[in-house]
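Subject: Handing over a structure, with notes

Dear colleague,

I am passing on to you the structure below, and I would be glad if you kept it open beside you while reading the notes that follow.

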Amino acid sequence: MLMSNKGRPARIHYMAGTFRVLSPGDHVVCAVTKQTIPLEALRYWSVARQEAYSSAEIATEAAGRG
């Protein structure tokens with residue numbers, strides 16, 4: 001039986017300018033808003049915190065937290 005990754009969160013390693021999928025899935029969750037972010041729409045993350053963000057504004061807000 002084939003396992004589908006649809007609806008499952010991916011485990012990601014965030015790097016500068018790219019990311020690597022460690023465990024298959026079709027989305028990640030924003031660290032601030034808890035919104036689901038489809039992998040094809042993932043544009044903002046923190047390498048240091050290894051967190052994904054749903055928008056540039058949220059990423060900026062998270063960076064300001066320290």
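In this predicted model, Tyr-14 has Phe-19 of β2 as its bridge partner, and Arg-11 stands opposite Ser-23, which also belongs to β2. These two pairs can be placed in the antiparallel pairing of strand β1, residues 11-15, with strand β2, residues 18-23, a pairing that runs over 5 bridges. The two strands form a hairpin with 2 residues between them, and in the turn you will find Gly-17, whose phi is positive at about 80°.

It is worth looking at the two sides of β1 separately, since in a regular strand the side chains alternate between the two faces of the sheet. On the covered face of β1 are Ile-12 and Tyr-14, whereas Arg-11, His-13 and Met-15 make up the uncovered one.

Positive phi values also occur at residues that are not glycine, and two of them deserve a careful look. Lys-34, which is not a glycine, has a positive phi of about 70°, and it lies in the loop between β3 (27-29) and β4. Lys-34 counts as exposed because its relative accessible area of 57% is over the 50% cut-off. Gln-50, in the loop between β5 and β6, has a phi near 55°, again a positive value in a residue other than glycine. With a relative accessible area of 32%, Gln-50 is described as partly exposed, because that value falls between the cut-offs of 20% and 50%.

Next, please turn to Arg-43, which is found in the loop between β4 (36-38) and β5 (44-46). Arg-43 has a relative accessibility of 54% and therefore counts as exposed, yet its side chain has a polar atom that lies 2.9 Å from the backbone oxygen of Glu-40. If you measure from C-alpha to C-alpha, Arg-43 and Ala-63 are 15 Å apart in space, while in sequence they are 20 residues apart.

Finally, is Ser-55 buried or exposed? Ser-55 lies in the loop between β6 (51-53) and α1 (56-64), and it is buried, because its relative accessible area of 18% is under the 20% cut-off. The side chain of Ser-55 is joined to the side chain of Glu-57 by a polar contact of 3.4 Å.

With best wishes

Definitions and conventions:
Residues are numbered from 1 along each chain as its sequence is written. Side-chain values use heavy atoms; hydrogens and water are left out. Helices (H or I, at least four residues) and strands (E, at least two) are DSSP runs, numbered from the N terminus. Buried means under 20% relative accessible area, exposed over 50%, partly exposed in between (1.4 Å probe, protein chains only). A polar contact is a pair of N or O atoms within 3.5 Å; within protein, one must be able to donate a hydrogen and the other to accept it, and residues adjacent in sequence count only if both atoms are side-chain atoms. Two strands pair if DSSP finds at least two bridges between them.
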